[in-house]
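Please open the model in a viewer and keep the sequence panel visible. The stops below proceed by selection, each followed by what is found there.

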Amino acid sequence: MAAAPEPGEPGKGKPFKLLGILDVENIPCARDSILYGSLGSAVAGLGHFLFTSRIRRSCDVGVGGFILVTLGCWFHCRYNYAKQRIQERIAREGIKNKILYESTHLDPERKTNSSGSH
């Protein structure tokens, strides 16, 4: 028997695609956005139904809640993801420059140490 693929390992099995287009497993933020949207849909629809007892309007509110919560979570998560990628790139370039210029006349730490001791 083949071992079951570990969750989060891309390419091991058939990917789960939502509506046939959105690969939820491999796109950052997609899974969380869909889950929070589903929860928002249930809360908004059920809450509206408990207050008004109108079934059709509550379904409409539930769909609207799903759209708003999903989009809100998606944009918030993607913004933080992009910000994190930029910070990682800056740190990677800084480490590369530190390794490249260490112990040379271009090392910024060497200049501050030598000018401070004179």
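Begin with the nonpolar surface patch: helix H1 supplies its largest share, 3 residues. Select Leu46, Phe49, Leu50 and Ile55, which together form this patch of about 430 Å². Patches are built from residues with over 30% relative accessible area and no salt bridge, like charges being joined within 9 Å and nonpolar side chains (Val, Leu, Ile, Met, Phe, Trp, Tyr) within 5 Å. Areas follow the Shrake-Rupley method with a 1.4 Å probe, and for residues only the protein chains shown count as cover. Ile55 belongs to helix H2, and at a relative accessible area of 58% Ile55 is exposed. The classes used here are buried (under 20% relative accessible area), exposed (over 50%) and partly exposed (in between), with a 1.4 Å probe and protein chains only.

This is a predicted model, in which local features require pLDDT of at least 70 and side-chain atom pairs count only at pLDDT 80 or more, while totals for chains, interfaces and linings use all residues. Residues are numbered from 1 along each chain as its sequence is written, and side-chain values use heavy atoms, with hydrogens and water left out.

Next, colour the model by pLDDT, the predictor's confidence in each residue from 0 to 100. The mean for the protein is 80, and 74% of its residues reach 70 or more. Confidence is highest in helix H2 (residues 55-101), at a mean of 92, and lowest in helix H3 (residues 108-117), at 62. Where pLDDT is low, predicted coordinates should not be read in detail.

Switch to a cartoon view. The protein has 3 helices and 2 strands, in the order β-β-α-α-α from the N terminus. Helices (H or I, at least four residues) and strands (E, at least two) are DSSP runs, numbered from the N terminus.

Now select helix H1, residues 30-52. How far apart are its end C-alpha atoms? They are 32 Å apart, which agrees with the 33 Å expected for 23 residues at 1.5 Å a residue; the expected span is 1.5 Å times one less than the number of residues. Within H1, the buried residues are Ala30, Ser33, Ile34, Gly37, Gly40 and Gly45. Just after H1, select Ser53, which takes a positive phi of about 60°.

Move to Thr70 in helix H2. Is Thr70 buried or exposed? Thr70 is buried, because its relative accessible area is 12%. Beyond its neighbours within four places in sequence, Thr70 contacts Ser33, Ile34 and Gly37, where contact means heavy atoms within 4.5 Å. Ser33, Ile34 and Gly37 are also among the buried residues of H1.

Return to the start of H1 and display the side chains of Arg31 and Asp32, which meet in a salt bridge (3.8 Å, N to O). A salt bridge is a side-chain nitrogen of Lys or Arg within 4 Å of a carboxyl oxygen of Asp or Glu, and the whole structure has 1. Arg31 is exposed, at 52% relative accessibility, whereas Asp32 is partly exposed, at 38%.

From Asp32, select Cys77: the two are 45 residues apart in sequence, yet 8.8 Å apart in space, C-alpha to C-alpha. Cys77 lies in helix H2 and is partly exposed, at 23% relative accessibility.

Finally, select the whole protein and show its surface. About 9,800 Å² is exposed, with carbon and sulfur atoms supplying 63% of it. Of the 118 residues, 12% are buried.
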